[in-house]
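Please open the model in the viewer and keep the selection panel at hand. The tour proceeds from a helix pair to a core and then to a strand pair.

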Amino acid sequence: MADISDTATRAARDLRVVFSRLRRRLREVAQDTDLSPSQESALTLVGKHGAATASALAATEGVRPQSMATTLAALEQHGLIRRAPDPADGRRQLVTLTDTGRARIEGNRQAREEWLARAFQDRYTEEERQTVLTALELMERLSQP
């Protein structure tokens with residue numbers, strides 16, 4: 001890393017630390033204690049991608065299919081997902097959200113968004129919020145290929 005400036009190294013480290021803490025805090029805001037982190041993650045994944053097979057979900061999450069099967073069984077017990085035969089291949093099952101699962105994801109998203117908006121309102125001045133918005137515009141470049 002000899003060709004990387006000290007400020008770039010510090011920015012990378014500090015950004016990673018702050019995002020990790022913020023991600024953890026946002027999880028706490030909407031955390032329901034009846035689901036494990038892996039179950040919450042799988043539920044969110046089904047919500048994002050729509051109907052999917054257990055093996056596709058396992059591949060996306062980077063877990064073994066047996067682990068995903070256990071996770072999905074728990075979500076099904078909570079009434080958050082349903083499984084149905086794949087119309088294109090009856091040997092496979094597609095996992096989708098139930099109305100309860102969809103409501104839970106939406107409620108969690110809304111709780112996180114409200115907490116974050118309230119935190120910006122209460123902890124920052126208007127000028128500081130504008131600075132954050134400017135910084136986010138600059139950081140958007142990091143997400144570009």
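Select helices α2 and α3 (helices are DSSP runs of H or I, at least four residues, and strands runs of E, at least two, numbered from the N terminus): their axes come within 11 Å and cross at roughly 110°. Axes here are lines fitted to C-alpha atoms over the stretch in contact, with angles from 0 to 180 degrees between N-to-C directions. The two helices are therefore roughly perpendicular, a class that covers 65 to 115 degrees. On the α2 side, show Ser-41, Ala-42, Leu-45, Val-46 and His-49; on the α3 side, Leu-57, Thr-60 and Glu-61 make the contact (heavy atoms within 4.5 Å).

This is a predicted model, in which local features need pLDDT of at least 70 and side-chain atom pairs count only at pLDDT 80 or more, while totals for chains, interfaces and linings use all residues. Residues are numbered from 1 along each chain as its sequence is written, and side-chain values use heavy atoms, without hydrogens or water.

Next, select Leu-43, Leu-57, Met-68, Leu-72, Leu-75, Ile-81 and Val-95, which touch the most other members of the 15-residue largest nonpolar core. Such a core joins buried Ala, Val, Leu, Ile, Met, Phe, Trp, Tyr and Cys residues through side-chain atoms within 4.5 Å; buried means under 20% relative accessible area with a 1.4 Å probe, protein chains only. Helix α2 gives the largest share, four residues.

Finally, display β1 (residues 81-86) and β2 (residues 89-97), antiparallel strands joined by six bridges; pairing requires at least two DSSP bridges. Ile-81 has Leu-97 as its bridge partner in β2, and a hairpin of two residues connects the strands.

Definitions and conventions
Buried means under 20% relative accessible area, exposed over 50%, partly exposed in between (1.4 Å probe, protein chains only). Angles under 35 degrees count as roughly parallel, over 145 as roughly antiparallel, 65 to 115 as roughly perpendicular and the rest as oblique.
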